[in-house]
Amino acid sequence: MRFAVTKVCGGGGKARVGALHIGGGGIAIETPALLLSTRKGLPSFVSCDHLASLPLPDSLLLHVCPTHFMEGPPLKTISNIGGLHHMLGLPDHILVAAAGDSIESLPSSEATNKFGASFDTPSGRRLVKPSDYMELVSCMKPNLWASLADEVPAWVTDKRNKISVDRTLRWLDACIALDADSGTNGFGVIVGGSSVEQRRLCATEVSKRNVSGFWIGGFGLGENIEDRCSLLNAVTDCLPPEKPRLVSRLGLPEEVLEGVAAGIDLFDSTYIYQLTMGGFALIFPIDMVEREIQNGTFNNDGGDSTKINLRASTYRKDTSRLVDSCNCFTCQNHTRAYLNHLLNVHEMLAQILLEIHNTHHYLHFFRSIREAIKVGKFDLFRQQFVKKRRASITAAVL
């Protein structure tokens, strides 16, 4: 794996564009970028053939959870097949493995102990030790993996935060030692809850290890939104700039923009999945950077809503596309009325079509972020997007 920062915001900003090169084939992914969440290797409702219709190479990044494969095909079978790439039929995709279900929940801190992290499985809760975890990783053969982590919610005590950091660092050392022979690309996990001091300590210690990048965990677990920015900056200030940073559970557009402003390169979230399950479709403008800039502001009067609820009766007779300018499979072939019908008769095709559109739309949102950084307009892009979003929410409440 190779990573290079190609553009940094001026004026002391941290937002940056980078290029992530994976494998001998030289596949390059521009960052900031989104990891698509999966269930046992594939997005919940998008099949392999429809994955190919999503924007490339943006859609090549997939987050997989090793603990999903603790019960199923024997690990030796997965290894003999050639790893997950061959088992899933996705030889060109970039699989990023990290413990913890990206859709359901994180490990239970009550059941986690000094030996390993505790996870829910179909046959009950299981304790996963670093040796068990690295056996999973070894058989799955992902492109990148993150070490085990003891993530805790924001309201725990300082003592529990310290224990969390100590365990995470100890497990990281164990994972690195177990992976010494294979030489794969491991990310060190940074935790510390809502403690700025523990976050800095963990980030400083992880940066001393032989890791290829950094996975920033423990966010989206009840922390104060106002404090999140200082926590993110406390971490990124301690990290070397030449390695990629990935953060979990920051998925709302505003949260993504906040993370980018702090210098985050990769995002792992369930935002698309949650929207799809709720029957929502993203419709916000994503071409703000390409629009003419007048008087220092984006001319973005074409719409201020972020999403629409397609279960609503107002869409029963709406024969328009979700987004007129969108060229995804869903928008090119189906109407809002048809999606409303599918949702209200509980047809799974509704989720398939919605996830295709929402994924396509959100990947283009990340492209707009990168373009804004490249042209030196990221701060303006962020301010205008958040302003429009708040205006939309206020109007909905009133």
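**Exercise 1. Locate K40 and K141, and describe their backbone and exposure.**

Step 1. K40 sits in the loop between strand 4 and helix 1; helices (H or I, at least four residues) and strands (E, at least two) are DSSP runs, numbered from the N terminus. This is a predicted model, in which local features need pLDDT of at least 70, side-chain atom pairs count only at pLDDT 80 or more, and totals for chains, interfaces and linings use all residues. Residues are numbered from 1 along each chain as its sequence is written, and side-chain values use heavy atoms, with hydrogens and water left out.

Step 2. Although K40 is not a glycine, its phi is positive, at about 55°.

Step 3. The relative accessible area of K40 is 45%, so K40 is partly exposed (buried means under 20% relative accessible area, exposed over 50%, partly exposed in between, with a 1.4 Å probe and protein chains only).

Step 4. K141 belongs to the loop between helix 4 (130-140) and strand 9 (144-146). Its phi is near 55°, a positive value in a residue other than glycine. K141 has 36% relative accessibility and therefore counts as partly exposed.

**Exercise 2. Find the loops that hold the cis prolines P32 and P57.**

Step 1. T31 and P32 are joined by a cis peptide bond with omega of about 5°. P32 falls in the loop between strand 3 (27-31) and strand 4.

Step 2. The bond from L56 to P57 is also cis, and omega there is near 0°. P57 is placed in the loop between helix 1 (48-51) and strand 5 (61-64).

**Exercise 3. Describe the largest cavity: its volume, its lining and its place relative to the domains.**

Step 1. A 1 Å grid is laid over the protein atoms alone; a cavity is a set of points where a 1.4 Å probe fits but cannot get out, a pocket is an open set with protein on both sides within 12 Å along at least five of seven lines, and lining residues have an atom within 4 Å of a point. Grid points are joined across faces, edges and corners, and a volume is the space filled by probe spheres set on the points.

Step 2. There are 2 cavities of 30 Å³ or more. The volume of the largest cavity is about 100 Å³. It is lined by 14 residues, of which L36, S37, I272, E355 and T359 are the closest to its centre.

Step 3. Strand 4 (33-37), helix 9 (271-278) and helix 12 each supply at least two lining residues; strand 4 has the largest share, 4 residues.

Step 4. The lining is made up of 10 nonpolar, 3 polar and 1 charged residues (Ala, Val, Leu, Ile, Met, Phe, Trp, Tyr, Cys and Pro count as nonpolar, Asp, Glu, Lys and Arg as charged, and the others, Gly among them, as polar).

Step 5. The largest cavity lies between domain 1 (2-276) and domain 2 (280-396), because both give residues to its lining. The domain bounds come from an automatic or database domain assignment.

**Exercise 4. Describe the second largest pocket and the helix 8 residues beside it.**

Step 1. The second largest pocket holds about 370 Å³ of space. Its lining has 13 residues, and those closest to its centre are I225, E254, E258, V386 and R390.

Step 2. Helix 7 (225-236), helix 8 and helix 13 (378-397) each give at least two lining residues, with helix 13 giving the most, 5 residues.

Step 3. By class, the lining has 5 nonpolar, no polar and 8 charged residues. Domain 1 and domain 2 each contribute at least three residues.

Step 4. In helix 8 (residues 253-261), 8 of the 9 residues are buried, among them E255 and E258. G263, which follows helix 8, has a positive phi near 100°.

**Exercise 5. Classify the ring pairs made by F365.**

Step 1. Rings of Phe, Tyr and Trp (its six-membered ring) pair if their centres lie within 6.5 Å; planes under 30 degrees apart count as stacked, over 60 as edge-to-face and the rest as tilted. The count comes to 10 aromatic pairs.

Step 2. The F284 and F365 rings have centres 5.3 Å apart and planes at 85°, so this pair is edge-to-face. F284 is in the loop between strand 14 (280-282) and strand 15 (293-294), and F365 is in helix 12 (residues 349-374), 81 residues apart.

Step 3. For F365 and F385 the centres are 5.4 Å apart and the planes at 40°, so this pair is tilted. Both F365 and F385 are buried.
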